Amino acid sequence: EAWASQRILGWSAARLEHYHKTVTNRRQGASQPAAVVSQLLQPGYIASALTSKTRASVMRTMVTLAEESGLVASPDDLLSRVEERERICATALEGGVALLHPVVHDPHLFLESMIFLGRTIQAIPFGAPDGSVTDLFFLVCCRDSRLHLHVLARLCMMSLQTDLLAALRAAPDAAAMKMCWPSTQP
């Protein structure tokens, strides 16, 4: 799983699009709308003004946001696994976004699959391959490995092929950030 998620984060746009289409068709059928991200990201799972100024504080704050959902069985385990994943390879991508996630999936770590989103007040260095700073952080908490990889691919595609990141940055608050999702996701 760690190998696959690391590879997805580094794929070219063409390879990512091919994988995404294959997984979407297999998971939902070609005729169904693909809105998995917006279904897993609930309004209460968004923080629009994180004051974190370091990698470590972002990870702690995002895990605290997840813990507040009441759906994380062990916040300490989640934080440890997210930190371990970041030690292996940063999840920051070009464009100022990072896709935090645990290094190993345990279906008992969460009561259900979910995604959390945080936007920092100031962008911070988070290990993006181009050296750019990061201000948008997704925490992907999936109980199923296939769903996890599907969500990572979807978020990468949305970052590359839509104006989602710009819309999330322009949104004044968490409620407006939730409204930024395209009506049909790529």
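Where does P129 lie? Select this residue first: P129 is found in the loop that runs between strand 4 and strand 5. The model on the screen is a predicted one.

**Stop 1: P129 and A92**

With P129 selected, consider its accessibility. P129 counts as exposed because its relative accessibility is 65%, and exposed means over 50%. Leaving out residues up to four places away in sequence, P129 touches A92, L93 and E94.

Select A92 next. This residue belongs to strand 2, which covers residues 92–93. Is A92 buried or exposed? Its relative accessibility is 4%, so A92 counts as buried. In sequence P129 and A92 are 37 residues apart, while their C-alpha atoms are 7.5 Å apart in space. A distance drawn from A92 to G131, C-alpha to C-alpha, gives 9.6 Å for a pair 39 residues apart in sequence. Not counting neighbours within four places in sequence, A92 is in contact with V97, A98, F126, G127, A128, P129 and T134.

**Stop 2: the whole chain**

Clear the selection and display the chain as a cartoon. Eight helices and five strands are present, and along the sequence they follow the pattern α-α-α-β-α-α-β-β-β-β-α-α-α. Of the 186 residues in the chain, 52% are buried. Among contacts with a separation of 6 or more, 74% are between residues 24 or more positions apart. A surface display shows what the chain exposes, about 8500 Å², of which carbon and sulfur atoms supply 52%.

**Stop 3: helix 4**

Select residues 55–67, which form helix 4. The 13 residues of this helix should span 18 Å at 1.5 Å a residue, and the end C-alpha atoms are 18 Å apart, which agrees. Now colour S57, V58, M59, M62, V63, L65 and A66, which are buried in helix 4. What do the buried residues of helix 4 pack against? Their partners are strand 1 (46–50), helix 5 (75–88), strand 3 (97–100), strand 4 (114–125) and strand 5 (133–141).

**Stop 4: helix 5**

Move to helix 5, residues 75–88. Its 14 residues should span 20 Å at 1.5 Å a residue, in agreement with the 20 Å between its end C-alpha atoms. Colour P75, L78, L79, R81, V82, R85 and E86, the buried residues of helix 5. They lie on the same side of helix 5, because the arc they cover around the axis is only 165°. Turn to the face directed away from this buried side, where the exposed residues D76 and R87 are carried.

**Stop 5: the nonpolar core**

Which residues have the most contacts inside the largest nonpolar core? They are L78 and L139, in a core of 56 residues. Helix 6 (residues 145–161) gives the most to this core, contributing seven residues.

Centre the view on L139 and show its surroundings. Apart from residues up to four places away in sequence, L139 touches M62, V63, A66, L78, V82, L100, H101, M114, I115 and F116. Among these partners, M62, V63 and A66 are buried residues of helix 4, and L78 and V82 are buried residues of helix 5.

**Stop 6: the salt bridges**

Side chains of opposite charge can pair when their charged atoms come close. How many salt bridges does the count come to? The count comes to two salt bridges.

For one of them, select R55 and E86, whose closest N and O atoms are 3.3 Å apart. R55 lies in helix 4 and E86 in helix 5, so this pair ties together parts that are 31 residues apart in sequence. R55 counts as partly exposed because its relative accessibility is 26%, whereas E86 is buried, with a relative accessible area of 5%.

For the other, select D135 and R169, which form a salt bridge with the closest N and O atoms 2.8 Å apart. This pair links distant parts of the chain, with D135 in strand 5 and R169 in helix 7 (residues 164–170), 34 residues apart. D135 has a relative accessibility of 14% and therefore counts as buried. R169, at 32% relative accessibility, counts as partly exposed.

How values were computed:
Residues are numbered from 1 along each chain as its sequence is written. This is a predicted model: local features need pLDDT of at least 70, side-chain atom pairs count only at pLDDT 80 or more; totals for chains, interfaces and linings use all residues. Side-chain values use heavy atoms; hydrogens and water are left out. Helices (H or I, at least four residues) and strands (E, at least two) are DSSP runs, numbered from the N terminus. The expected span of a helix is 1.5 Å times one less than its number of residues. Buried means under 20% relative accessible area, exposed over 50%, partly exposed in between (1.4 Å probe, protein chains only). Contact means heavy atoms within 4.5 Å. A nonpolar core is a set of buried Ala, Val, Leu, Ile, Met, Phe, Trp, Tyr and Cys residues joined through side-chain atoms within 4.5 Å. A salt bridge is a side-chain nitrogen of Lys or Arg within 4 Å of a carboxyl oxygen of Asp or Glu. Accessible areas come from the Shrake-Rupley method with a 1.4 Å probe; for residues, only the protein chains shown count as cover. The arc is that of the directions from the helix axis to the C-beta atoms.
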